[in-house]
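Hi,

Here is the structure I said I would pass on. Have a look at it first, and my notes follow underneath.

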Amino acid sequence: MISSFVLNFIKRRGVAFYKAGVTDKTSINYRKIFDHFKIDTLLDVGANEGQYAMAMKKWGYSNKIVSFEPVEAVYKKLSANTREGNNWEAINIALGDKDGEEYINVSQNTVSSSLLEMLPAHVKQEAGSAYITKEKITVRKLDSIFNTYSKPGSSVYLKLDVQGFEKNVIEGASDSLKNIKLIQLEMAIVPLYKGELLLADMINYMNGKGFVLYNLIPGFNNFETGQQFQTDGIFVRNDLV
């Protein structure tokens, strides 16, 4: 039986998960991974309203969470949600490959907002993902802020939900990668954002950064045709396996 929390989580995040994956196997895998690697710091990049962090808490994670969300109106909702959880902080910035200001494309459903141009296949599959406005935001490299939110010796899990901007975030984290144990990011099978790396190229890119694929989580699907558009990959630093 799927709880109302999980149903709301699925709806608000704007992705179509297979039900069994959300309620059973996925939650068990997360708990095992977090326990095995003794994760004590979760960097939740592209947090939206905090749906991912709330799911992690529901599934048993109780250590430090830092959630990053650049869109002002969404950040306010995230910030309100963090007040309900211990060890959870909200930061109103985006992460990227340079420090500065950029314009983000804000989508109607907010979860599909991106610094990249959206391709027609995305809007065709999910009309609510269409961009409705632009907003100036602050962008920082993870290298510029890593020591602010992670203590020396911390066991860090970096989660990226940045709508095609994953490579840019990793490029801005070159010095930080040696202090990160695992990275979770979306990998597109079908191009959805202009300039994003597709699945095979992203796996090769992460291998070049010293991380190997550890687990896959079902993502954005077309339930009418069965085609999968995205999957989340969890990568582990290769000296840990």
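Let me start with helix α2 (residues 19–36), which gives the most to the lining of the second largest pocket, namely 4 residues. Keep in mind throughout that this is a predicted model. That pocket has a volume of about 150 Å³. Its lining is made up of Tyr30, Arg31, Phe34, Asp35, Ile39, Met56, Trp59, Gly60, Tyr61, Ser62 and Asn63. Sorted by class, that comes to 6 nonpolar, 3 polar and 2 charged residues.

Now for the enclosed space. There are 3 cavities of 30 Å³ or more in the structure, and the largest cavity holds about 290 Å³. It is lined by 25 residues, of which Gly46, Glu69, Ser113, Asp161 and Val162 are the closest to its centre. Both α3 (51–58) and β4 (94–96) supply at least two residues of that lining. The mix here is 14 nonpolar, 7 polar and 4 charged.

On to the cores. The largest nonpolar core has 37 residues, and those touching the most other members are Leu43, Phe68, Leu142, Leu158, Leu160, Ile183 and Met206. Two or more residues each come from β1 (41–45), β2 (64–68), α6 (142–149), β7 (156–160), α7, β8 and α8. A separate core of 24 residues includes Phe37, Tyr75, Leu78 and Val236.

If you want one residue to click on, try Leu43. Setting aside neighbours within four places in sequence, Leu43 is in contact with Val66, Phe68, Leu142, Phe146, Tyr149, Val156, Tyr157, Leu158 and Lys159.

The helix I spent some time on is α8 (residues 199–208), where Met202, Ile203, Tyr205 and Met206 are buried. Viewed down the helix axis, the buried residues of α8 fall within an arc of 160°, so they line one face. What do they pack against? The partners are α7 (166–171), β8 (180–188), β9 (211–218) and β10 (230–237). Met206 ties this back to the largest nonpolar core, being one of the residues that touch the most other members there. On the face of α8 turned away from the buried side you'll find the exposed residues Asn204 and Gly208. Just after the helix, Gly210 has a positive phi of about 95°.

That's what I have so far. Shout if you'd like to go through any of it together.

Cheers

Technical notes: Residues numbered from 1 in each chain as written. Predicted model: local features only at pLDDT ≥ 70, side-chain atom pairs only at ≥ 80, totals over all residues. Heavy atoms only, no water. 1 Å grid on protein atoms, 1.4 Å probe; cavity = no way out; pocket = protein on both sides within 12 Å on 5 of 7 lines; lining within 4 Å. Points joined across faces, edges and corners; volume = space filled by probe spheres on them. Nonpolar A, V, L, I, M, F, W, Y, C, P; charged D, E, K, R; others polar. Buried < 20%, exposed > 50% of the residue type's maximum accessible area, 1.4 Å probe, protein only. Arc of directions from axis to C-beta. Contact = heavy atoms within 4.5 Å. Core = buried A, V, L, I, M, F, W, Y, C linked by side-chain atoms within 4.5 Å.
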